[in-house]
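Visitor: I should like to learn how to read the features of a protein model. Would you guide me through one example?

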Amino acid sequence: MVIVLSSQKKPLKHVAQKPSEFRQDLVTGDWVVIATGRARRPHAYAAGRPVVNDDIATCPFEDLVKSGNEKPVLTLKDKNGWTVLAVSNKYPALTHGNGTCPIEASQGLYRYMEGTGFHEVVILRDHYATLAELPASRIVPLIAVYRQRFSVLKKEPCINYISIFHNSGREAGATLTHPHSQLIALPVVPPDIARSIAGSDRYYLGEKKCVHCELLSYERKEKKRIVFENAHMIVMAPYASRSAFELRLFPKRHGPHFEEMTSGQEHAAAEALHAALWKLHKGLKNPAYNYFVHTAPTKGHQHDHYHWHIEIIPKTQIWAGFEIGTGIEISSIAPETAAAYLRSIK
Ligand SMILES: [Zn+2]
Ligand SMILES: [Zn+2]
């Protein structure tokens with residue numbers, strides 16, 4: 001796998017946190033994060049199932065908003081007050097380090113490095129609204145905050161990839177029902193992204209075309225797996241779906257960088273994300289889901305053949321022994337059938 005480490009040494013801002021660290025698998029070369037600072041939620045381990053807090057009275061985001069104790073790193077407002085804000089995660093998976101970029105080091109047989117990075121939470125105003133039920137106009141500021149924070153964090157010298165993701169529902173790993181997304185800025189390019197970029201590059205070397213542009217043009221002719229389309233965006237069920245009702249949202253115009261989308265694309269992306277989430281919500285009766293952005297790494301321009309997109313994975317099934325043991329996922333419905341069903345849902 002590709003691990004890109006920044007060689008620049010400009011210090012990151014220091015924040016007092018319990019340190020976390022990256023550890024490398026000696027065989028695969030993949031990095032994992034050991035984040036003991038997050039163990040400050042001991043109840044999370046109890047009874048083997050995460051406890052989900054859905055009570056507005058004890059929701060930490062309500063408190064945060066009322067007390068003003070934590071200063072948001074970004075607040076978007078409309079005429080009625082704030083709509084979306086971003087704060088540093090109180091229980092970060094990665095901490096800002098001790099003032100230096102992480103350097104790989106040895107521990108006996110193994111490699112490790114400091115868990116340097118940023119972990120932010122992007123919070124929507126309404127405790128009770130599920131993202132799927134919000135109108136597209138309320139998703140526009142959410143995407144705007146993703147882009148603005150991405151643009152700030154990508155300037156940090158030690159950051160090479162920024163993961164934006166949203167968990168909804170217990171089965172998707174959300175321990176708070178108050179709708180929120182997260183950004184984790186990493187010093188390494190994660191293995192899934194590295195693999196996806198390597199595949200795009202390989203296709204470009206052979207065919208001199210972007211693989212995603214090619215598949216979008218094919219899908220638009222075939223029409224079997226398209227679920228939603230507007231002026232700038234397409235939502236489709238991938239041909240090789242990894243789980244039942246998996247969806248991907250692509251910009252029609254080629255572009256490697258999510259944060260560089262135009263304002264027209266931003267509105268279209270909000271509309272398309274709303275359509276996808278609403279169709280899943282109505283069609284599958286409010287399933288838990290994860291969505292995440294796949295975009296080019298933040299350093300260098302060697303990723304011009306990549307095509308950013310959002311992947312939406314409803315929790316329609318649980319990874320069991322075969323999937324975990326082999327990495328081959330079994331989807332129990334043909335993506336063509338899933339797409340036809342979701343197209344019919346208004
Ligand atoms: Zn809340
Ligand atoms: Zn493309």
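Visitor: Which residues are the protein donors of the zinc ion (ligand 1)?

Guide: Please bear in mind that this is a predicted model. To read a metal site, one lists the donor atoms and then examines their angles. Here the zinc ion (ligand 1) has as protein donors Cys59 (SG), Glu62 (OE), His127 (ND1) and His178 (ND1), which lie 2.0 to 2.3 Å from the ion. Along the chain, these donors follow the spacing C-x2-E-x64-H-x50-H.

Visitor: What is the arrangement of the four donor atoms around the zinc ion (ligand 2)?

Guide: Four donors count as tetrahedral if all angles lie between 85 and 135 degrees. Around the zinc ion (ligand 2) the angles are 105 to 114 degrees, so the arrangement is tetrahedral. The protein donors of this ion are Cys210 (SG), Cys213 (SG), His254 (ND1) and His307 (ND1). His254 is in the loop between strand S12 and H5, while His307 is in the loop between strands S13 and S14; the pair therefore ties together parts that are 53 residues apart in sequence.

Visitor: At what angle do helix H2 and helix H5 pack?

Guide: One compares the directions of the two axes. Helix H2 (residues 136-153) and helix H5 (residues 263-283) pack at about 120 degrees, and their axes are 8 Å apart. The two helices are therefore oblique to each other. Their crossing is right-handed.

Visitor: Which residues in H2 meet residues in H5?

Guide: From H2, the residues are Ala136, Ile139, Val140, Ile143, Ala144 and Arg147; their partners in H5 include Glu266, His267, Leu273 and His274. The residues of this contact comprise eight nonpolar, two polar and three charged.

Definitions and conventions:
Residues numbered from 1 in each chain as written. Chains lettered and ligands numbered in written order. Predicted model: local features only at pLDDT ≥ 70, side-chain atom pairs only at ≥ 80, totals over all residues. Heavy atoms only, no water. Axes fitted to C-alpha atoms, helices over the stretch in contact; angles between N-to-C directions. Helix = DSSP H or I, 4+ residues; strand = E, 2+ residues; numbered from the N terminus. Parallel < 35°, antiparallel > 145°, perpendicular 65-115°, else oblique. Left-handed = near helix turned anticlockwise from the far one by under 90°. Contact = heavy atoms within 4.5 Å. Nonpolar A, V, L, I, M, F, W, Y, C, P; charged D, E, K, R; others polar. Donors = N, O, S within 2.8 Å, 3.2 Å for Na, K, Ca; no water. Tetrahedral: all angles 85-135°; square planar, octahedral: opposite > 155°, others 65-115°.
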